[in-house]
Amino acid sequence: MNRRDVLRAAIAVPFLPAIFSGSLALAGVGSTAGLKLRSRVRPGDSGWPSAAQWDELKRATGGRLLKPVSPFASCASTPSDASCSEALKEIKNPYYIGDQPALTQTSGWADAWISQPSAYAVAAENTADVVAAVNFAREHHLRLVVKGGGHSYQGTSEAPDSLLVWMRHMSAVTLHDAFVAQGGAGKQASQPAVTVEAGAMWIDAYDAVTTRGGRYVQGGGCTTVGVAGLVQSGGFGSFSKNFGTAAAGLIEAEIVTADGKALIANAYKNADLFWGIKGGGGGSLGVVTRLTLRTHDLPDTFGAVFGAIRASSDEAYHALIAKAISFYGSDLFNPHWGEQMVFKKENTLRISMVFQGLEQTEAEKIWTPFTDWVNARKEYSFAKPIEVVALPARHFWDAEFFRQHAPGFMVADDRPGAPRDHVLWAGDQGQVGWFIHGYGSAWMPASLLEKDAQARLVDALFAATRQWEFALHFNKGLAGAPVEVLDAARDTATNPDVISAFALAICGADGPPAYTGMPGPGPDLADARRESAGVVKAMRELRKVAPDTGSYVSESNYFEPVWQRAFWGANYPRLAMLKHKVDPAGLFFVHHGVGSETWSADGFSRLR
């Protein structure tokens with residue numbers, strides 16, 4: 001964000017409450033009845049729906065109304081209970097967790113939230129089910145929650161005392177050879193695309209598009225993340241430096257708005273809503289039920305570079321960081337390279353990079369000067385030798401290929417009858433069920449890679465390692481991407497800082513799963529707070545060279561004080577006006593989502 005954008009956003013934010021409480025006529029909304037709502041009801045309140053009314057919703061949704069119960073609920077009284085035993089066995093299986101309407105992929109955040117089931121859930125199988133749930137929540141003043149993949153770090157896919165719209169069973173994937181958006185005939189050329197229902201995970205899309213279809217769709221790096229949630233928050237994958245964000249690849253979506261209407265949103269119909277769901281945050285503007293994304297020609301090759309280098313002293317580590325940054329700026333700062341370098345406290349640099357469109361020999365040649373530099377200095381040793389691997393791009397998410405050739409790279413859903421393609425990168429398993437202690441992110445401007453700025457960047461990186469480890473995710477900054485990728489990103493609601501950033505710095509700390517009812521002592525909050533303080537201190541060091549840049553909404557600090565500016569920058573006032581137009585009563589609430597400043601932290605009481 002440049003200084004003009006910073007000022008514009010900073011000036012606008014104090015006036016946002018007025019936007020939400022002002023005249024609806026200015027936003028084109030015909031009725032003000034919805035704004036009379038001052039609070040939502042909870043179980044036991046006089047306005048809570050009767051059993052007969054819940055039965056009406058059950059009939060309207062074909063019997064698909066559930067009362068979610070945590071599989072850990074019986075652990076305290078009956079530890080040998082089958083559901084308790086199964087939950088403890090499968091606690092690191094993200095597919096099992098995703099199949100439980102009462103659980104989320106993150107079990108909580110210290111001093112912020114802990115995963116708790118909703119009072120009721122509609123296990124939606126079609127758009128009509130979603131419409132029925134939205135109408136019921138609006139008419140009865142209920143807290144409404146939407147869960148697709150359930151990966152939200154900030155707890156936006158769960159809330160106690162709420163009605164959950166659970167999208168898991170809406171997971172169809174359909175390929176198109178020549179798709180044209182509704183209303184786009186004669187205006188838009190047909191293009192290859194894929195339509196994905198909102199309950200699908202990215203592995204479902206990759207299996208259909210790449211493994212079986214031989215094409216590429218820009219999605220998330222973690223295979224179990226929900227398609228709809230990622231697109232609505234911006235969405236980065238390993239190869240975003242070449243293909244852009246998932247949001248920028250959206251051609252069309254169906255979305256159920258607060259008035260219970262199922263709308264088509266694209267460049268020709270409801271264009272403002274279309275822009276808003278491209279990076280404006282999940283769950284604030286409506287319930288997205290399906291999305292159509294463009295697909296791309298598949299490169300011949302995808303590959304990866306792994307390794308870890310240990311320095312014998314602080315001085316040597318500082319020099320290693322300087323060399324790594326210089327090497328990235330001169331040789332890797334281009335559309336071929338993505339993923340990350342991890343800067344650890346114990347004077348170790350871990351490399352986990354990926355590449356596309358290069359042969360293995362080309363990638364090895366690029367890395368040889370760097371490895372030669374390390375080998376020539378006795379103050380460095382390889383904790384893990386640098387290894388370059390490449391494979392046909394069509395096999396990158398091919399579970400059977402990895403079972404045959406590299407079984408350690410992926411972890412399968414091992415439950416009887418599980419789909420063979422349901423796998424997870426082994427490196428992502430640590431996030432399954434995790435309890436977050438602290439987290440933060442910041443986009444790092446590409447100007448820091450210039451020769452006269454690199455020393456300041458290196459000093460900040462080294463200083464941050466004295467506090468906590470962190471990673472530079474190069475694929476989550478679009479600087480260095482093709483011009484058409486940058487232009488497409490500008491036409492989304494994602495914070496514009498992503499366009500001028502070479503990487504997203506991410507720093508976090510976490511502990512083991514801590515779901516309510518799990519046996520054991522529960523989270524060590526004293527330890528969590530200590531680690532969180534380390535994360536805060538490390539981010540403070542990084543912010544010294546990137547003081548005004550934003551933060552990626554999906555990977556951010558739950559306690560971010562200026563979240564409007566941090567998550568959306570100069571786009572927030574436009575998002576706020578859109579929210580006022582399509583959801584004036586605030587039916588859709590998520591923590592630090594668009595319009596949430598007018599509600600209490602739990603989303604139950606209107607503040608203004």
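Me: What makes α11 and α12 roughly antiparallel?
Reply: In this predicted model, helix α11 packs against helix α12 (residues 360–375) at an angle of about 165 degrees, with the axes 11 Å apart. Anything over 145 counts as roughly antiparallel, so that is the label α11 gets relative to α12.

Me: And which hand does the crossing of α11 and α12 have?
Reply: The crossing of α11 and α12 is right-handed.

Me: Which residues make that contact, and how do they divide by class?
Reply: From α11 you have A319, L320, K323, A324, F327, D331 and L332, and they meet I366, W367, F370, W373 and V374 in α12. Sorted by class, the contact has ten nonpolar residues, no polar ones and two charged. K323 and D331 are the charged pair, because Lys and Asp are both put in that class.

Me: Then why is α11 called oblique to α14?
Reply: Look at the angle again. The axes of α11 (residues 314–332) and α14 (residues 454–465) cross at roughly 130 degrees and come within 9 Å. Roughly perpendicular covers 65 to 115, and roughly antiparallel needs over 145. The value of roughly 130 degrees fits neither window, so α11 is oblique to α14.

Me: What is the handedness there, and which residues of α11 and α14 meet?
Reply: α11 passes α14 in a right-handed crossing. On the α11 side the contact takes in D314, Y317, H318, I321, A322, I325 and S326, while α14 brings Q454, L457, V458, D459, L461, F462 and T465. By class, that contact splits into eight nonpolar, four polar and two charged residues.

Me: How do you know that α3 is roughly antiparallel to α6?
Reply: Helix α3 (residues 51–60) and helix α6 (residues 127–139) pack at about 160 degrees, axes 9 Å apart. The cut-off is over 145, so α3 counts as roughly antiparallel to α6. Their crossing is right-handed.

Me: What touches what between α3 and α6?
Reply: Q53, W54, L57 and A60 of α3 meet D129, A132, A133 and F136 of α6. The tally for this contact is six nonpolar, one polar and one charged. D129 is the charged one, because Asp is in that class.

Me: Moving to empty space, how many cavities are there, and what makes something count?
Reply: The count comes to five cavities of 30 Å³ or more. A cavity is a space where a 1.4 Å probe fits but cannot get out.

Me: How much space is in the largest cavity, and what lines it?
Reply: About 80 Å³ lies in the largest cavity. Its lining has 16 residues, with K579, G586, G595, T598 and W599 nearest the centre. The lining breaks down as seven nonpolar, six polar and three charged residues.

Me: What about the second largest cavity?
Reply: The second largest cavity holds about 60 Å³ of space. Q105, T106, H151, Y153, C222, T224, L424, D428, Q431, V432 and W434 line it.

Me: Why does the lining of the second largest cavity have one charged residue, with H151 in the list?
Reply: The lining has five nonpolar, five polar and one charged residues. Charged means Asp, Glu, Lys and Arg here, so His falls among the polar ones. That leaves D428 as the charged residue, because Asp is in that class.

Note on methods: Residues are numbered from 1 along each chain as its sequence is written. This is a predicted model: local features need pLDDT of at least 70, side-chain atom pairs count only at pLDDT 80 or more; totals for chains, interfaces and linings use all residues. Side-chain values use heavy atoms; hydrogens and water are left out. Axes are lines fitted to C-alpha atoms, for helices over the stretch in contact, and angles run from 0 to 180 degrees between N-to-C directions. Helices (H or I, at least four residues) and strands (E, at least two) are DSSP runs, numbered from the N terminus. Angles under 35 degrees count as roughly parallel, over 145 as roughly antiparallel, 65 to 115 as roughly perpendicular and the rest as oblique. A crossing is left-handed if the near helix is turned anticlockwise from the far one by less than a right angle, and right-handed if clockwise. Contact means heavy atoms within 4.5 Å. On a 1 Å grid over the protein atoms alone, a cavity is a set of points where a 1.4 Å probe fits but cannot get out, and a pocket is an open set with protein on both sides within 12 Å along at least five of seven lines; lining residues have an atom within 4 Å of a point. Grid points are joined across faces, edges and corners, and a volume is the space filled by probe spheres set on the points.
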